[in-house]
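Colleague: I have a few minutes before the meeting, could you walk me through this model?
Modeller: Of course, here it is, and you can pick the places to look at.

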Amino acid sequence: MDKLLIEIVEDDAPVRNLITVTLKANDYRYLTAMNGQTALMEAACHNPDIILLDLGLPDMDGIEVIRRIRSWTNTPIIVISARSEDTDKIEALDAGADDYLTKPFSVAELLARLRVTQRRLSQAALEPGADAVFRNGKLRIDYAAGCAYLDDEELKLTPMEYKLLCLLSRNAGKVLTHNYIIQNVWGGGGESNIASLRVFMATLRKKLESQPDAPQYIQTQIGVGYRMLKL
Ligand code: CA
């Protein structure tokens, strides 16, 4: 793959400089924007591979920037926010962001998130469209047959557990919020369902993970949701 082009949207100069220096040192190309309007224009003109977006911008809310970008492109957006509240992360993810980093963040953390997103991009480029079979570590899901296997052994999943596993696998690498999962698995919403989601997740992990307390495949994003990791 050619050098990836990263758009950095950040009004805080020291943070912006830290990111540009990091990207330059790690062989990424980049462009910068200091406010929401410029961010939208740059994204439309240069079609970046990944967007790093600060939520607190001088001219418009970062959530609005996500919504507008999502109206025309699926370019991965990683939110970088000083807001540590879970509700902001959830709002950003529900608006279409792929991942988030909370300030202050480490350079290693930023690079790790970029690698995860990059892997997802190259995966999507290699296997366009909806694939019939998903592979991740020892996990294999045959979507057409409606079966999941671990080490070639079929997992005995309930329909809900299977649906949950499929949703996470089709979005591997991406953080899915509790609400997003509930909407897509149960079709309904509501806070009360988070408790049942946790129960289904616990039973799914017991079947999927060799150590359910230290899950390899499905990571918990505390207070936010879950993410399937690419092994
Ligand atoms: Ca800011």
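Colleague: Let's take Ile-19 to begin with: is it buried or exposed?
Modeller: Ile-19 is buried, since its relative accessibility is 1%, and please keep in mind throughout that this is a predicted model.

Colleague: Where does Ile-19 sit?
Modeller: Ile-19 belongs to helix α1, which covers residues 13-25.

Colleague: And which residues is Ile-19 in contact with, leaving aside its neighbours within four places in sequence?
Modeller: With those neighbours set aside, Ile-19 touches Ile-8, Leu-52, Ile-80, Phe-105 and Leu-110. As for Leu-110, that residue is 91 residues away from Ile-19 along the chain, yet the C-alpha atoms of the two are separated by 8.5 Å.

Colleague: Changing topic, what are the protein donors of the calcium ion?
Modeller: The calcium ion has Asp-11 and Asp-54, each through OD, and Gly-56, through O, as its protein donors, and they lie 2.2 to 2.3 Å from the ion. Along the chain, the spacing of these donors reads D-x42-D-x1-G.

Colleague: Are Asp-54 and Gly-56 buried or exposed, then?
Modeller: Asp-54 is buried, with 4% relative accessible area, whereas Gly-56, at 36%, is partly exposed because its value falls between the limits of 20% for buried and 50% for exposed.

Colleague: What about cavities, how many of 30 Å³ or more are there?
Modeller: The count comes to 1 cavity of 30 Å³ or more, and the volume of the largest cavity is about 40 Å³.

Colleague: Which elements give two or more residues to the lining of that largest cavity?
Modeller: Those elements are β4 (77-81), α4 (86-95) and β5 (99-102), and β5 gives the most, with 3 residues.

Colleague: Can you name the lining residues, and say what classes they fall into?
Modeller: The lining of the largest cavity is made up of Leu-55, Val-79, Ser-81, Arg-83, Asp-88, Lys-89, Tyr-100, Leu-101 and Thr-102. Sorted by class, this lining has 4 nonpolar, 2 polar and 3 charged residues.

Colleague: I'd like to follow up on Lys-89: is it buried or exposed?
Modeller: Lys-89, which is placed in helix α4, is buried, because its relative accessible area of 14% is under the 20% limit.

Colleague: And what is Lys-89 in contact with, beyond its neighbours within four places in sequence?
Modeller: Beyond those neighbours, Lys-89 makes contact with Ser-84, Tyr-100, Thr-102 and Val-224. Among these, Tyr-100 and Thr-102 also line the largest cavity, as does Lys-89 itself.

Definitions and conventions. Residues numbered from 1 in each chain as written. Predicted model: local features only at pLDDT ≥ 70, side-chain atom pairs only at ≥ 80, totals over all residues. Heavy atoms only, no water. Donors = N, O, S within 2.8 Å, 3.2 Å for Na, K, Ca; no water. Buried < 20%, exposed > 50% of the residue type's maximum accessible area, 1.4 Å probe, protein only. 1 Å grid on protein atoms, 1.4 Å probe; cavity = no way out; pocket = protein on both sides within 12 Å on 5 of 7 lines; lining within 4 Å. Points joined across faces, edges and corners; volume = space filled by probe spheres on them. Helix = DSSP H or I, 4+ residues; strand = E, 2+ residues; numbered from the N terminus. Nonpolar A, V, L, I, M, F, W, Y, C, P; charged D, E, K, R; others polar. Contact = heavy atoms within 4.5 Å.
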